[in-house]
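Hi,

Here is the structure I promised to send over. Have a look at it first, and then my notes below should be easy to follow.

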Amino acid sequence: MLLLAVWVLRDILLLGFAAVLLACILRGAGEIVRGNSRLSSGASLAVVVTTALAVIGLLLWWRGAVIADYTVQLTTELSDQVQQLWETLNASEWGSFLAKQVRSGAESLRSGLSGYFPGVAMSVLGIGGTTIVVIATAAFLATSPQMYLTGALRLLPVDWRPRGREVAQKIAHTLQLWFVGQLIDMVIVGVLIGIGLWLLGVPLALTLALFAGLLNFVPYVGALAGAVPAILVALSQSPSMALWVALLFVGVQMLEGNVVAPLIQKRTIALPPALTILCQTVLGTLFGVFGLVIATPLIAAMLTAVRLIYIEDVLERDEP
């Protein structure tokens, strides 16, 4: 019965975890501000939120219009390249056959997606509403975490409540450490990509580096997604530049995976790569992009809970 309820409420539970994750991040940042100032807990949290909103606003003001203009230009250039490729294919016998097959497949795909785009529009609207709900819930949780934690612990037997509080605090600490490690990793990847793109002379190098660094928030999958815009921009300049950009991303990701990430994980938390990718695959399939984004911190929280509740309190309880 419990498993059935969890399955029915899976979307709401995932949103709840996202709110808890954001609340832990805000609370941790607020505690850092409070520890280095004379501000109260609420004022420190307000400083963190205001600073985050200001940074986002400045980034949009700084590069938003440039990104929009270059996106239009890039779309036009790529459309022209596709048209030239299409004409080249039709110029030969085998190319004409391949073009017919591609055209047939495109028509089948278009007919299959005829009813899909209204759903996409509703999904976009739903994402906006979901984001508001997550942010609002996280703000309330970060403002008064003890009130909500105490209420949740009252659902447990009295003897279990001290251990429950300890487990909850350690899970929150794990999520904060994960975010710190991921943030450092994002900055390093963004800086390395930015330097490389600038040296290669790729347009919008800083913007593409920022985009790659932000997408690196999602381990493994984000690295691939961050490379696509940069390669497309480089391809609009020349195929050789696109190749160099692809090699740049491969080199940076190899350095990140074999040197940077292990050093960061020594001070934060280490997650098994295979288990992380499996969790990303499952949640990505069930919940789409949102599940993919939330998969890594979720597996970090689950591993902490399993270690504390099952391994230490059950399997190792009677060991001397």
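Let me start with the contacts: of those in the chain with a separation of 6 or more, 64% are between residues 24 or more positions apart, where contact means heavy atoms within 4.5 Å. Before the rest, some ground rules: this is a predicted model, in which local features need pLDDT of at least 70 and side-chain atom pairs count only at pLDDT 80 or more, while totals for chains, interfaces and linings use all residues. Residues are numbered from 1 along each chain as its sequence is written, and side-chain values use heavy atoms, with hydrogens and water left out.

The overall picture

The chain has 12 helices and 0 strands; both are DSSP runs numbered from the N terminus, with helices being H or I of at least four residues and strands E of at least two. Read from the N terminus, the order is therefore α-α-α-α-α-α-α-α-α-α-α-α. Of the 320 residues, 28% are buried, meaning under 20% relative accessible area; exposed is over 50% and partly exposed is in between (1.4 Å probe, protein chains only). The chain exposes about 20,200 Å², and carbon and sulfur atoms supply 72% of that. Those areas come from the Shrake-Rupley method with a 1.4 Å probe, and for residues only the protein chains shown count as cover.

Helix α7

I spent a good while on this one. Helix α7 covers residues 161-200. How far apart are its end C-alpha atoms? They are 58 Å apart, which agrees with the 58 Å that its 40 residues should span at 1.5 Å a residue; the expected span is 1.5 Å times one less than the number of residues. Right after α7 comes G201, with a positive phi near 80°.

T174 sits in this helix. Is T174 buried or exposed? T174 counts as buried because its relative accessible area is 9%. Setting aside neighbours within four places in sequence, T174 is in contact with I269, A300 and T304.

The aromatic pair

The count of aromatic pairs comes to 1. The rule takes rings of Phe, Tyr and Trp (its six-membered ring) whose centres lie within 6.5 Å; planes under 30 degrees apart are stacked, over 60 edge-to-face, and the rest tilted. The pair is W178 with F217, edge-to-face, at 5.2 Å centre to centre and 75° between the planes. W178 is in helix α7 and F217 is in the loop between α8 (205-215) and α9 (221-235), so the pair links distant parts of the chain, 39 residues apart. Both W178 and F217 are buried.

The cores

For a nonpolar core I took buried Ala, Val, Leu, Ile, Met, Phe, Trp, Tyr and Cys residues joined through side-chain atoms within 4.5 Å. The largest core has 28 residues, and L175, L283 and I294 touch the most other members. Helices α2 (10-35), α7, α11 (273-287) and α12 (289-315) each supply at least two of its residues. The largest share, 8 residues, comes from α12. Another core lies apart from this one; that second core has 19 residues, including L208, V233, A242 and L248. Back in the largest core, and again leaving aside neighbours within four places in sequence, L283 is in contact with G288, G291, L292, I294, A295 and L298.

Salt bridges

There are 7 salt bridges, taking a side-chain nitrogen of Lys or Arg within 4 Å of a carboxyl oxygen of Asp or Glu.

- R34 and E31 form one, with the closest N and O atoms 2.8 Å apart. They are separated by about one helical turn because they are 3 residues apart in helix α2. R34 counts as partly exposed at 37% relative accessibility, and E31 does too at 31%.
- E166 and K170 form another, with the closest N and O atoms 3.3 Å apart. Both lie in helix α7, 4 residues apart, about one turn of the helix. E166 is partly exposed at 31%, as is K170 at 34%.
- R307 and E312 meet at 3.2 Å, N to O. R307 is partly exposed with a relative accessible area of 37%, and E312 is partly exposed with 30%.

Through shared partners, salt bridges join R163, E166, K170, R307, E312 and D313 into one network.

Cheers
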